[in-house]
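Okay, thanks everyone for squeezing me in. Let me put the complex on the screen, and then I'll talk you through it.

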Amino acid sequence: MRLTAQIKRLFHNLFRRGELESVLDEELNTYIDEIAARKMSAGMAPAEAWRQARVEAGGVEQVKEEVREAWLGNTIETAVRDLRYACRTLRRAPGFTAVVLFTLALGIGGTVTMFSVMNAALWRPLPYPSPNRIVFVQFDARGIANAGAAPAEVLDLQARSTLLEHVSIFGGADANLEYNGEAEHVAAASVTDDLLPLLGADTAFGRPLNSRTDIPGMVRNILISDSLWRRRFGADPAVVGREVSVNNLPMQIAGVLRPGFRAYLPASSNATENVDIWFPSGIENTRQYRGFCVIARLKPGATIAQANAELAALGADFVRENPDIYRHGKLRITAQSLQGELTRQARPALFLLAGAVGFVLLIACVNVANLMLARGAARQRELAIRRAMGAGTVRLVRQILTENLVLALGAGAVGLMLASVSLAAIGKLAGTHLPMQSRVAIDGPVVLFAVALTVGVTLLFGLLPALRLASGRVSDPLRAGRSETAAPGARLLQRGLVVAEVALSIVPLVCCGLMLRTFVNLVEAPLGFNPAGVVTARLPLNFKQYPKDDQRWPVYRDVLARLRAIPGVDAVSAASPLPFASWQVLRRVGRAEQPETPGIVATQQTALHGYLPLVGTQLRQGRDFTDEDIIAKRPVVIVDDRLAHRLWPEGALRKRLAIGWGETREELEIVGITAPVRVTSVRDEGVPHYFVPFHVYAIEMTAVIKTRETAASLAPAIRRAVNEANTGRAAFDIRPMDSYVADSIGDTRFLLVVLAVFAASCVLLASVGLYGTLAYLISRRTREFGIRLALGSGIPAIVSLVVREGALLTGSGAVIGLAGALAAAGAIRQLLYNVAPFDLSTLLAVIALLALVSIAAAAVPAWRAARIDPNASLRCD
Amino acid sequence: MPQSSAELMKGTLDLLILRTLDLGPMHGSAIADRIAQVTKGTFQVKAGSLFPGLHRLEQGGWIRGEWQQSADARRVRSYELTAAGRRQLATEKTNWKRVVQAMDQVLEST
């Protein structure tokens with residue numbers, strides 16, 4: 001009976017019950033009438049005839065009840081029976097059930113995890129009004145990509161662009177909030193008036209930011225986040241207009257943002273997702289400095305391509321109008337969607353992981369297909385017997401269907417649990433390296449997709465044996481049991497599947513191997529400094545209290561002296577910014593005697609006396625800075641080897657280095673040359689570095705403390721010392737220096753760990769598949785081996801037969817897989833560091849690993865084959 | 001008589017009904033009579049198994065019931081085989097023969 005007809009009947013039975021009942025009533029009545037009439041015509045008294053007719057019928061109500069059961073019997077009852085039977089058969093094969101559940105759960109769990117991450121990070125639109133019209137405007141200037149905008153350029157864009165509106169700037173900042181005598185370090189952002197409306201961040205109450213009311217000297221207005229309002233102000237609506245102290249400046253709370261607003265802004269802005277304080281920012285009319293992040297909204301009808309054309313033209317105009325300012329290198333302004341910019345960096349890694357998880361899912365499916373085939377073959381006889389006993393094809397197919405559905409849904413449930421656990425783990429592991437990580441949650445459509453796929457695979461391969469049976473003669477499998485050879489077709493398919501599994505598992509393995517080498521290379525990369533045993537603490541100064549550079553230096557000297565006195569501290573110095581801190585100073589530098597030659601881009605760090613030896617930066621020539629340099633305001637600089645060689649191949653000591661930023665230009669004498677130092681990222685080898693003394697670039701410093709103590713144990717003493725030195729602000733970010741290094745390679749570590757998990761899953765699944773197939777094939781050949789043994793074949797010959805089979809499967813899989821792996825390795829080239837995509841040692845290691853795994857997988861079946869008792873094997877069925 | 005009638009094996013009733021209806025449309029008691037007549041009283045099909053059997057076969061789509069006038073002008077529910085029923089009859093017949101053969105071989109082997 002066809003399924004549609006069956007469903008129609010089920011509905012008929014359930015919903016047109018009244019009609020059926022009356023049919024039954026009448027039918028039974030006529031039956032009894034007829035019997036009674038027959039008895040009466042035989043001469044029985046009417047009353048007695050009726051009574052006997054009823055008795056013979058066996059009770060009208062009982063008959064009705066049984067008929068009702070027949071109505072239901074074909075549908076619900078069978079389903080329940082199938083379900084019960086399915087659970088029973090699965091329980092009877094715990095090994096098979098466990099392996100299938102585990103395999104599918106791994107596939108589903110991995111896929112759901114990865115694609116939930118990708119959907120949150122890459123594809124789900126930003127939670128802002130018409131998010132695809134919000135663009136990030138990138139400024140490439142002085143040969144530096146994404147150098148940020150100069151303030152006057154933003155003003156010009158606001159005035160002249162016909163396609164962009166709400167051109168806004170923003171920048172992340174740290175804020176020291178003081179209220180009710182309690183200080184707290186919170187994340188802040190300084191933004192122009194348009195930014196929050198652009199992102200749809202309305203105020204819950206109070207008024208929006210308005211920089212025009214912020215006349216210098218007056219109290220500034222700020223907006224606070226909903227969470228800060230609840231945390232610090234007890235959700236008091238009267239908070240509007242209240243004065244608080246932020247960074248030692250009096251500020252007035254203008255309003256509170258609506259709850260749940262998160263700022264998804266490019267990392268280059270230094271802003272975090274949870275900004276607690278929003279400062280209004282005006283825009284100065286100057287091109288002297290740059291570094292502002294700009295976002296804007298496309299006007300209705302405008303496209304990004306049109307906006308880019310306009311921006312290119314405007315950039316050219318700026319250069320033409322201000323030839324002095326833009327004399328070193330061109331200005332290039334481009335726009336792209338904000339979401340694209342947010343996800344740009346993470347995209348290659350996420351696609352690699354998604355690819356790897358795709359392989360896990362594929363292998364899981366192949367594995368299950370294989371197991372299903374093996375089990376189906378083993379069950380041929382059971383099915384044949386059931387069929388001989390009268391079970392219809394539909395009935396058998398439906399029962400197998402139920403069994404597989406139970407498996408797939410069970411696996412789906414386990415897989416989802418796995419996914420929620422691994423999402424939590426990824427959350428911890430990824431740290432800040434995943435864009436929009438707070439949005440990551442198990443994703444409905446992905447769950448549906450993964451479960452549908454696995455259900456499809458289990459059903460397809462689960463049903464194959466049943467369908468094969470339906471088409472064949474009933475007695476074939478019954479007889480096949482005796483002659484004991486599986487159909488050659490099935491064996492070929494199974495071998496093919498194992499080869500596919502091995503091939504599929506090689507690709508993620510090779511990628512993982514390459515990433516591992518990359519990570520090792522990153523860890524061992526010569527940074528030019530040694531962060532071990534160094535604790536750092538950021539030391540903000542109250543700039544209102546110490547407005548002049550000259551005043552700040554003695555304060556820092558005092559702080560460092562107090563830190564030096566802490567027990568357990570070996571040496572103390574300070575520098576800023578620290579290597580791999582999120583904010584770095586990039587400058588264009590050149591030879592002082594060649595003002596017309598465009599210089600080279602280098603990173604700059606302000607360092608105090610003693611910093612270089614403390615962090616182990618090797619001074620190859622010349623001397624360190626001294627306190628006298630600062631006191632005497634000597635124009636000195638220390639450069640690294642790379643900078644020295646690029647500008648003065650003949651020797652750089654005592655030469656004059658020109659540092660130009662904006663229109664100002666400083667000339668400094670090189671007094672020292674160090675080993676190459678990397679500060680932007682571990683991978684970034686190309687950018688040279690130089691150090692300037694405090695008086696050349698007096699910024700907020702970070703203390704570096706050589707100690708055997710941990711950051712946590714030293715923190716209270718550091719805070720106390722800084723407090724006693726009367727800096728006006730508290731020390732913060734007290735953490736080991738190597739945490740900056742670890743953070744800077746955190747994205748690679750994240751990628752590596754997740755990839756390793758996926759690759760391990762692939763290998764595990766492939767080895768389970770290999771083992772299962774070998775074990776199955778051998779169990780089918782028990783009789784053959786028995787005959788061989790009986791005829792005098794030695795055990796080694798049998799073992800080698802099995803091992804050869806395993807080696808053949810692994811070998812052919814490996815050859816196919818390596819071809820795929822080479823293609824994949826080429827695709828992930830940009831994620832690698834100091835490793836060629838075709839890295840021979842990685843390939844060899846992967847092959848060795850696979851060989852090991854396949855030997856292990858073949859060992860047990862081979863051992864079992866060797867222990868076959870010829871006598872027993874010939875008798876067993 | 002009921003004592004001497006054979007226990008019907010599960011599943012054989014369906015085969016009996018299908019085979020009987022293969023001769024032509026019939027109503028409930030006529031089917032029971034016909035079976036009793038052909039088997040010379042060996043199989044006495046009672047209402048308690050006849051009607052559930054009929055309805056089960058109808059649910060399965062193998063037979064179709066319709067109200068008709070009987071020979072003595074009473075309204076009876078008459079059943080006839082469907083095309084699927086005919087096919088089912090053929091399969092069940094083959095199966096049955098195989099079982100009987102097998103049983104014979106078992107019972108008569110020495």
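I'll start with confidence, go through chain B and its contact with chain A, and then pick out some spots in chain A.

First thing to keep in mind: this is a predicted model. For the complex as a whole, the predictor reports an ipTM of 0.81 together with a pTM of 0.72. If you look at chain B alone, the mean pLDDT is 80, and 89% of the residues there reach 70 or more. The weak bit to flag is residues 1-5 of chain B, where pLDDT stays under 50. For that stretch the model has seven contacts beyond four places in sequence.

So, what is chain B made of? You get four helices and three strands, and reading from the N terminus the order is α-β-α-α-β-β-α. The chain has 110 residues, and 32% of them count as buried. Now take the contacts in chain B with a separation of 6 or more: 54% of those come from residues 24 or more positions apart.

Let's zoom in on the helices of chain B. As a reminder, two packed helices are described by the angle between their axes and the distance between the axes.

Start with helix 1 of chain B, residues 12-21, against helix 3 of chain B, residues 47-59. Their axes sit 10 Å apart, at an angle of about 75°, which means helix 1 of chain B is roughly perpendicular to helix 3 of chain B. On the helix 1 side, the contact uses Leu13(B), Asp14(B) and Ile17(B). Helix 3 of chain B answers with Ser49(B), Gly53(B), Leu54(B) and Leu57(B). By class, that contact splits into four nonpolar residues, two polar and one charged.

Now helix 1 of chain B against helix 2 of chain B. The angle for this pair is about 100°, and the axes are 10 Å apart. So helix 1 and helix 2 of chain B are roughly perpendicular to each other as well. Who meets whom? From helix 1 of chain B it's Leu16(B), Ile17(B) and Thr20(B), and from helix 2 of chain B it's Ile31(B), Arg34(B) and Ile35(B). The class count for this contact is four nonpolar, one polar and one charged. If you want one residue to click on, try Ile17(B): it is part of the contact with helix 3 of chain B and also part of the contact with helix 2 of chain B.

Okay, on to the contact between the chains. Chain B puts in 18 residues and chain A puts in 23. Which elements of chain B give two or more residues to that side? They are helix 2 (28-38), helix 3 and strand 3 (75-81). Helix 3 of chain B has the largest share, with seven residues. In terms of class, the chain B side has four nonpolar, nine polar and five charged residues.

Right, chain A. I've got a few backbone details for anyone who likes checking torsions.

There's a cis peptide bond between Ser576(A) and Pro577(A), with omega about -10°. You'll find Pro577(A) in the loop between strand 12 (569-576) and strand 13 (585-591) of chain A.

Then we have two positive phi values at residues that aren't glycine. Ser130(A) has a phi of about 25°, and it lies in the loop between helix 5 (94-123) and strand 1 (134-141) of chain A. Is Ser130(A) buried or exposed? It counts as exposed, because it has 12 C-beta neighbours inside 10 Å. Arg654(A) has a phi of about 75° and belongs to the loop between helix 19 (641-647) and strand 17 (656-661) of chain A. Arg654(A) counts as exposed too, with 11 C-beta neighbours inside 10 Å.

For contrast, go to Val457(A), in helix 13 (residues 444-471) of chain A. With 23 C-beta neighbours inside 10 Å, Val457(A) counts as buried. Leaving out residues up to four places away in sequence, it touches Cys365(A), Val368(A) and Ala369(A).

Last stop is helix 23 of chain A, residues 782-790, whose buried residues are Arg783(A), Phe785(A), Gly786(A) and Leu789(A). They cover an arc of only 160° around the axis, so they lie on the same side of helix 23 of chain A. After that helix comes Gly792(A), with a positive phi near 105°.

That's my tour, so over to you.

Terms used: Residues are numbered from 1 along each chain as its sequence is written. Chains are lettered from A and ligands numbered from 1 in the order in which they are written. This is a predicted model: local features need pLDDT of at least 70, side-chain atom pairs count only at pLDDT 80 or more; totals for chains, interfaces and linings use all residues. A residue is buried if 20 or more other C-beta atoms lie within 10 Å of its own, exposed if 12 or fewer, and partly exposed in between; C-beta atoms are placed from the backbone. The arc is that of the directions from the helix axis to the C-beta atoms. Two residues are in contact if their C-beta atoms, placed from the backbone, lie within 7 Å. Axes are lines fitted to C-alpha atoms, for helices over the stretch in contact, and angles run from 0 to 180 degrees between N-to-C directions. Angles under 35 degrees count as roughly parallel, over 145 as roughly antiparallel, 65 to 115 as roughly perpendicular and the rest as oblique. Ala, Val, Leu, Ile, Met, Phe, Trp, Tyr, Cys and Pro count as nonpolar, Asp, Glu, Lys and Arg as charged, and the others, Gly among them, as polar. pLDDT is the predictor's confidence in each residue, from 0 to 100.
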